[in-house]
Amino acid sequence: AAEAAAGAELQQVSAAHTAELWAVRDRAEAAEAAAEALAAAHAQMISELETATHATELLQQREREGLGAELQQASAAHAAELLALCDQAEAATEAAAQAAESKA
């Protein structure tokens, strides 16, 4: 009888340990799934950050190109103004030379 009671107690302890092991395994699987979800969210966040960084770089490049184009346009306009002033100075010099010749 004592042997049967000890066997029954051993079965109860074994069943309790088995239940604890199953619970630990379930918690480990849940933790693993949570870690995978966190890793996926982290990867998504990195991807979005890389996309945003690339977009910012493109905007900055376009802004620089736009400023370069504006500078080229301003430079061309300034060059045209200088050429016009040179033409005016040349015409004034010729007029002055003709006036000097006619007085002489």
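Is E29 buried, exposed or partly exposed, and what is its relative accessibility? The value for E29 is 40% relative accessibility, and the residue therefore counts as partly exposed. The model that contains this residue is a predicted one, and its overall form is a useful starting point for the details that follow.

The secondary structure of the protein consists of 1 helix and 0 strands. This element, helix α1, covers residues 2-103. The C-alpha trace extends over about 150 × 10 × 5 Å along the principal axes. The radius of gyration is 44 Å, whereas a compact globule of 104 residues would have a value near 13 Å. A local view of the extent is given by A30 and A43: with their positions 13 residues apart in sequence, their C-alpha atoms lie 20 Å apart in space.

The surface can be considered next. Of the 104 residues in the protein, 0% are buried. The protein exposes about 8900 Å², and 62% of that area is supplied by carbon and sulfur atoms. A30, a residue of helix α1, has a relative accessible area of 47% and is therefore partly exposed, since that class lies between the 20% limit for buried and the 50% limit for exposed.

Charge is the next topic. The protein carries 5 positive and 18 negative charges, and the mean positions of the two sets are 4 Å apart. Side chains of opposite charge can pair when their charged atoms come close. The structure holds 2 salt bridges. In one of them, the side chains of R25 and D26 meet at 3.3 Å, N to O. In another, the side chains of E29 and R25 meet at 2.7 Å, N to O. E29 and R25 are 4 residues apart in helix α1, so about one helical turn separates them. Together, R25, D26 and E29 are linked in a network of salt bridges.

The exposure of the network can be followed residue by residue. R25 counts as partly exposed because its relative accessibility is 37%. D26, with a relative accessible area of 41%, is likewise partly exposed. E29, the residue of the opening question, is partly exposed at 40%.

A further contact involves T53, which also lies in helix α1. A polar atom of the T53 side chain lies 2.8 Å from the backbone oxygen of L49. With a relative accessible area of 37%, T53 is partly exposed.

Terms used
Residues are numbered from 1 along each chain as its sequence is written. This is a predicted model: local features need pLDDT of at least 70, side-chain atom pairs count only at pLDDT 80 or more; totals for chains, interfaces and linings use all residues. Side-chain values use heavy atoms; hydrogens and water are left out. Helices (H or I, at least four residues) and strands (E, at least two) are DSSP runs, numbered from the N terminus. The radius of gyration is taken over C-alpha atoms; the globule rule is 2.2 Å times the number of residues to the power 0.38. Buried means under 20% relative accessible area, exposed over 50%, partly exposed in between (1.4 Å probe, protein chains only). Accessible areas come from the Shrake-Rupley method with a 1.4 Å probe; for residues, only the protein chains shown count as cover. Lys and Arg count as positive and Asp and Glu as negative; His and the chain ends are not counted. The place of a charge is taken as NZ of Lys, CZ of Arg, CG of Asp or CD of Glu. A polar contact is a pair of N or O atoms within 3.5 Å; within protein, one must be able to donate a hydrogen and the other to accept it, and residues adjacent in sequence count only if both atoms are side-chain atoms. A salt bridge is a side-chain nitrogen of Lys or Arg within 4 Å of a carboxyl oxygen of Asp or Glu.
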